Amino acid sequence: MIDIAEEDYPAVWATLAALRSIKRDGCTIVPPVMVRVPTRTGQKRVVARTAAWISTFGPISSGHAIRMTCGNQFCIEPAHMAKDFKVAAQYEKAMKKRGEK
């Protein structure tokens with residue numbers, strides 16, 4: 001679990017805002033990059049959407065994954081994110097690859 005101190009949430013959003021992003025179909029899309037976020041025990045590199053989730057909703061508990069409801073893996077819009085069990089998220093991803101909904 002990545003544990004970012006609440007007082008560091010604005011700094012994380014400042015890092016995300018510094019990325020070159022575009023707005024499309026309600027999504028805020030950033031390049032596929034890892035961002036360095038401050039944690040209680042130092043720093044950790046995470047994908048941008050993970051940093052966005054933690055800075056908005058708090059830590060991601062063990063056994064969970066963040067799923068993009070818009071289907072765009074590079075979107076960092078908090079309204080387009082949902083927390084799900086990792087197994088359910090992996091199943092949904094596999095079904096999409098097979099063309100099933």
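Helices and strands here are DSSP runs, with at least four residues for a helix and at least two for a strand, and they are numbered from the N terminus. With that in hand, let us walk through this predicted model. The protein's secondary structure amounts to 3 helices and 6 strands. Following the chain from start to end, you meet them in the order α-β-β-β-β-α-β-β-α. The radius of gyration is 14 Å, close to the 13 Å that the globule rule gives for 101 residues, so the protein is as compact as a globular protein of that length. If you trace the C-alpha atoms along the principal axes, the spans are about 40 × 30 × 20 Å.

How does the chain fold back on itself? Among contacts between residues at least 6 apart in sequence, 48% link residues at least 24 apart. Of the 101 residues, 38% count as buried. The outside amounts to about 6,500 Å² of exposed area, and carbon and sulfur atoms supply 52% of it. As for charge, there are 16 positive and 9 negative side chains, and the centres of these two sets lie 8 Å apart.

Now to the interior. In soluble globular proteins, nonpolar side chains tend to be buried together. In this model the largest nonpolar core has 21 residues, and the members touching the most others are Leu16, Val35 and Ala51. Two or more residues come from each of α1 (9–18), β2 (27–29), β3 (34–39), α2 (48–57) and β5 (64–68). The greatest contribution is that of α2, with 5 residues. Ala51 is a good place to look: leaving out residues up to four places away in sequence, Ala51 touches Val12, Leu16, Val35, Val37 and Val46. Leu16 and Val35, then, are both contacts of Ala51 and, like Ala51, among the core members that touch the most others.

Helix α2 deserves a closer look. Since 7 of its 10 residues are buried, α2 is largely enclosed by the rest of the structure. Those buried residues are Ala48, Thr50, Ala51, Ala52, Trp53, Ile54 and Ser55. They pack against α1, β3, β4 (42–47), β5 and β6 (81–85). After the helix comes Gly58, which has a positive phi near 105°.

Is Ser55, a residue of α2, buried or exposed? Buried means under 20% relative accessible area, and Ser55 has a relative accessibility of 7%, so Ser55 counts as buried. Setting aside neighbours within four places in sequence, Ser55 is in contact with Tyr9, Val12 and Trp13. Val12 is thus a contact of Ser55 and also of Ala51. By contrast, Ile29 lies 26 residues from Ser55 along the chain, with 17 Å between their C-alpha atoms.

Two exposed residues complete the tour. Asp25 sits in the loop between β1 (22–24) and β2. Although Asp25 is not a glycine, its phi is positive, about 55°. With a relative accessible area of 75%, Asp25 is exposed.

Phe85 belongs to strand β6, and at a relative accessible area of 54% Phe85 is exposed. Which residues does Phe85 touch, not counting those up to four places away in sequence? They are Gly63, His64 and Ala65. Phe85 and Ala65 are 20 residues apart in sequence, and their C-alpha atoms are 5.9 Å apart in space.

How values were computed. Residues are numbered from 1 along each chain as its sequence is written. This is a predicted model: local features need pLDDT of at least 70, side-chain atom pairs count only at pLDDT 80 or more; totals for chains, interfaces and linings use all residues. Side-chain values use heavy atoms; hydrogens and water are left out. A nonpolar core is a set of buried Ala, Val, Leu, Ile, Met, Phe, Trp, Tyr and Cys residues joined through side-chain atoms within 4.5 Å. Buried means under 20% relative accessible area, exposed over 50%, partly exposed in between (1.4 Å probe, protein chains only). Contact means heavy atoms within 4.5 Å. The radius of gyration is taken over C-alpha atoms; the globule rule is 2.2 Å times the number of residues to the power 0.38. Accessible areas come from the Shrake-Rupley method with a 1.4 Å probe; for residues, only the protein chains shown count as cover. Lys and Arg count as positive and Asp and Glu as negative; His and the chain ends are not counted. The place of a charge is taken as NZ of Lys, CZ of Arg, CG of Asp or CD of Glu.
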